[in-house]
Structures are given as C-alpha cells and as structure tokens.
Amino acid sequence: MSVPDRTPPLLEAQHLGKLYRVGGWLRPKHLRALHDASFTLGHREILALVGESGSGKSTIARLCVRLEAPTSGRILLDGRDVQGEARGHATLAYRRRVQMIFQDPFGSLNPARTIGKHLERPLLLHGKTKTSADLTTRVHALLDTVGLVPAPEVAAKYPQELSGGQRQRVAIARALAVEPDLILADEPVSMLDVSIRADILNLMLDLKEKRGISFLYITHDLASARYVADRMMVMYAGHIVESGPSEALLQKPLHPYTKLLLSAIPDLEGSFARGLPARSGAPALVDPPPGCPFAARCPDVADVCRRETPRPVSHDEGRVVRCHLYPEPPRTRSE
Amino acid sequence: MGSAPLLAVEELVVAYQTPSGPVRAVDRVSFVLERGEVLGLVGESGSGKSTVAQALARILAPPAMITGGRVLFEGHDVLAMNEDELRRFRWRKMSFVLQSAMNALSPVLTIGDQIIDVLVTHERTSKRVARERAAHLLELVGIDPTRLASHPHELSGGMRQRVGIALALALHPPLVVMDEPTTALDVVVQHEVLSKIAELKEKLGLSVLFITHDMSIVSQFATRIGVLYAGRLVETAPTRELFRAPRHPYTKGLLGSFVSIHGPRRKLVGIPGSPPDLRRLPAGCAFRARCGEAAAQCATEAPVLRVIAEDHHTACHVVSP
C-alpha cells in the first residue's frame, strides 16, 4: 500500500447534524433538518448539492458559511476545525476564504448604492487595498472578470438599471472581491431567464478553470448540476442518499430516490407517458420515525428499511450510497 | 355555429399606461386554439405571456388595458361581454389555473366547502349532490376524497395546486387557461400534476392554453407551441416541428440554452444580452440586438408572422420558406 495523500481537502464536513426545536414549549419537538452528513470538497472542484425543497441542502449551505452552528459534527477548512475558533475576527478570516451568492439577485443588492460601491465595500473591509486609485482599478478588474463591460460605465450604475443576469454577475464579482477559495452558490440561476442561465453557469466553470475557485453549487435542477459539477450529492429529508462523479451518478443512479428524481425531470427529448417509479409525498422531518426516510415511498422497501437507517457505503469510482439495497461494496479483484 | 374555432385571439394589444406614454406588453398577438388542442405559449420574463392570460380572463387592472384586438370564444367576443355575461362565461366556458392558485384558497374553509360553494352558486345544485361531485372532482385530480374535510394548510403545495385544477374543472369548461401551474412545485410533484393534466385532456377532451417559461414542460404534451418575445409572437408550429426544425433565431437560441440530463454533454451557448426594455423598444425587430443573423432590414422594419412551412409561422426577415 502506498502512502496516502495527506493534503487535506479544501472543505470537509464530518457527520453534520442539525435539529431545530419546534412547537410546544412544555413538550418540544425536533425538526431534523440534517442527519449525519459527511462530504469533502476539493480544490478546483465544483460539487453540486441536489435536492427538493426541505431536503436540507440550504441547511448545509448555512452551516458551511457559519450563519448557524451544527447540532453535531464538524466542518474542517484545510483540515482545521472552524467551529472551535472564536467568533468575530475568526469569522472575518473565514469569510475571506468562503463566500456565498444567493438565489435572488434582486434582493441581495442595495438599490441606493452604485455597483461600484457594492464592490468597494468588501475590498476595504478585508483590507485588500490601500489607495483610492487602486480601489477603482480593482473594482473595474472585478467587473471585467465577470464580463460586465465597459466596467467604468457599469460601476456608476444602480442595481435597478441592470437585468437579473447582470445583477447575479455583480453578486459573483462581490464574492470574488476577497479572492476566496470557495463560493457557495445557492440556486444562483433559478430566478433567471433560461436564455441567460448559460452565461452564469459558464462563468462558474471559467472561474474554476482559470482561478482554481471551488464551488458548492446548491440546486434542485439535476441538468444544470450535470453541466457544471464534477461530483454531485443527492439529498432527501436531511440525508445525503447518494454521491459520486456527476456522469457516473446520472448514467447509473443507484438509490431509488435518485432514480425517481431522474425520471421526473421534464426533458425536451423525453416522453411523458412513462410513469414514475414512486409517488410524491413529504417525509416526516419532525420527530422522524426510525429507519430510512425514503422507506414510505420507496418501491424497493424491505423490512429492515423501517427499522434501521442505512449507513453510507462506498462503492467503485468514488460513489457512496446510503441504502439497504447496497449493503456491501462490490469486492475489487486486487484485494 | 360549429365551425368557429374554440378560441381565436385576433391582433390582441395590451398596453400599460405610463407617464411617458403607453407601453405595449402584448403587441398584435393572434392565435387559434382548436377543440382538443393544447397550445403552449412560451416566453421569458417580459414576453407578455401572463398578460395574455390576464387579458383572456379580463382581470387586467389599470394601468394595464386592452387597447385593441378581439378574443372570440366559439365566435362570441369575450371582450364585448358585460359583467353579467362575463360571470356566466367564466368557469363555465373558460376557467383559469394561475401560478399562485395554491395560495388562492381560503384558509378558513375546508377544501370541500370551497368546491361545494362554487357548484351551489353556479349550478344551484343541492348540497348533497354538490358534495358527491366535489368528491369526484378530487378523485379526478388524484386526491383522496376524504381530504374534502381538510383545510388548505393541511395539504402540500402540490395537492393545493391540484385542488386549484379541480376547481377549474368543476363546471366542465371546454377550455382551461393555465399560467405556470407548476412553477412553484418540486419536480416529482410537477411531473404528477402535468401527467394529470395530460390524462384529463385525453379523458375529458379538454382544451388547454398552457403558459410557461419552460419549453421542456410543454414539449411533453402540447400539440402546438407559440413563442413570445417582447410582447409579440415570433414563431408558431406543431410541437414536434418546432423542436425538430426551429426557424426563428430566438427559438433556436432558447432551445440551445437548455441543459439536458440525456445525451452527450455539450457546451451551453445561451443568448447574449438580455430582453429589451419595452419602454424603449428599438425600431425594427425587437430581437435584433441579440441576434447573430440580423440583416440591414431588421433595423428598420418590424417583421410580421408569415407562413414558412405547412402550419409553421415565423416573424423574421432572415428566414426564408
């Protein structure tokens, strides 16, 4: 056995869990938003987090940018636990590495401030520049990077003078201002018109290739995840049910939920007559019963599924599946 | 008169009255919807697609006004109807499922009471008969009739949306106008709602005007598709033909913007620029600034829809038959 590569991944989540207390004061209940979520995100990698509403994908994003603390588990950045560090100064240092862009490019910009001012703020706050001439140069360079040209003209504009796609570019430029290693993008194209989504997705690919920036791309849209992501994770009811390289996962989905999701996607070439392998239905998140969260809807359900929560099992090609159908990894010949 | 098409929209114009003059959100839009047909009306934000739906329902509120054209339902002009005629026409002849239909239900009444209310008011049936029909309507959209006793908050978004569809079908209208009926729903639920609509179309011979921003949704069950851009129809064709041989540069660009989970992974191109500001529409073709094929004529003359193949219309100077 060779010496394993000990360079830690850029971001690593270990057994993350998040419970929210809901309802009754005397008899509180707990909403399980996230359960035992572990994953790694490498340098120069785009990892997609795919799931429907309520699957816990935004909870992961909130934990990863430290808007909230996990109930259990930990998050490592370059192998160092970020939770142990004090708030305040440490948060600022963390934000310099990890940035976030949101779904709504209309709500995330201040209408009373020019685009230039939006970009100056993070540059000043994180001490990226000293002189005002340099500040202007840097703002223009950021706008150039995201394709908003001519930069001096765009810098003087207000958000409401820009289209949705242009605003989302401003949001990306703002995230780039601190030269982060990782950007969490929460549904960054879902509010944009179809014809301009391609530009934003291509920009993400470009930033990965040319600047080595990693992305955690959070989306409900498997097709766009396939387009940008090297690897993807599928979430259901707070569980990462399946993960692996994008193409392999989509070509041969293993988990019954992934299969359901794939067959439900409308597609220009698809036919509609085919039925779904399972019905819709919301999982119980509040004080959930034991077992697999998908058991109630699963076409392949067995007795064990209602008793025991399946554990993540590694398979070939870097794939991990959390399902009793695949209890053991297939044996590799060399061992 | 049986020869008139079910719905004929002729040169419809809807303008928003603004301080700087009227802005045309819908500009001379014409189309015909035959019985049993599902017409998909596709467009991005600002294309006027929802304004068309609101004009048909006659629920446009100022400053939006219908300033031209006719809407003929079985030959009768809907725009000329008075309030009384309109009340008898809506829901009975043409009903609506809007994007937020799932939030249009009253939170304090049960699902059953709301459906029964519609039936009793419009058809003067007895409560007992109305209850039976309400149960049947829920079954039709795939909801367990015991849910009649539920309040809206006890149902999921997808179920509430299906209740909206059940209400639209309550008085057996031959035509239902649906404006983004599945946009707020998760894909699995969306698939169920869409298959339900496709099934009802077959079972009841329903005609549907289906308005959406997402071509992939209508590709599955629309018989024809009309593409709107900046308030104008730029292309209409049978669905298969449109996907196989799109002719308008905008339609081609739109189809090229879709990522697919099937087939080889190809580079996404999208369409450069963004839709024009309707308040400052350029002379000539509204798509010219984003078009890779524009000619000199496109800067001066607005193209109109013309036939380029059998049953295939395009508003473009560059496309030749």
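Reader: In β2(B), which residue is the bridge partner of Ala8(B)?

Author: This is a predicted model, in which local features need pLDDT of at least 70, side-chain atom pairs count only at pLDDT 80 or more, and totals for chains, interfaces and linings use all residues. Residues are numbered from 1 along each chain as its sequence is written, while chains are lettered from A and ligands numbered from 1 in the order in which they are written. Strands (E, at least two residues) and helices (H or I, at least four) are DSSP runs, numbered from the N terminus. In strand β2(B), Ala8(B) has as its bridge partner Val32(B).

Reader: How many bridges join β1(B) to β2(B)?

Author: Two strands pair if DSSP finds at least two bridges between them. β1(B), residues 7-18, runs antiparallel to β2(B), and the number of bridges joining them is nine.

Reader: Which are the edge strands of the open sheet with the order β2-β1-β4-β5 in chain B?

Author: This sheet has four strands with antiparallel pairing. An edge strand here pairs on one side only, and the two in chain B are β2 (21-33) and β5 (76-77).

Reader: What angle does the direction of α1(B) make with that of β2(B)?

Author: α1(B), residues 49-57, packs on the sheet, touching β1, β2 and β4 (64-73) of chain B. Contact is counted when C-beta atoms, placed from the backbone, lie within 7 Å. Axes are lines fitted to C-alpha atoms, for helices over the stretch in contact, and angles run from 0 to 180 degrees between N-to-C directions. For α1(B) and β2(B), the angle is about 75 degrees.

Reader: Why is one side of β6(B) and of β11(B) left without a neighbour in the sheet?

Author: Both belong to an open sheet of chain B with mixed pairing, in the order β6-β7-β8-β3-β9-β10-β12-β11. β6 (94-97) and β11 (306-309) of chain B stand at the edges, so one side of each lacks a neighbour because each has a single partner strand.

Reader: Which residue in β10(B) stands opposite Leu228(B)?

Author: β9 (224-229) and β10 (232-238) of chain B run antiparallel and are joined by six bridges. Opposite Leu228(B) in β10(B) stands Leu233(B).

Reader: Which helix gives the most to the side of chain B that touches chain A?

Author: 34 residues of chain B are in contact with 34 residues of chain A. α6 (187-204), α7 (215-218) and α9 (249-256) of chain B each supply at least two residues of that side. With seven residues, the helix that gives the most is α6(B).

Conventions. Contact = placed C-beta atoms within 7 Å.
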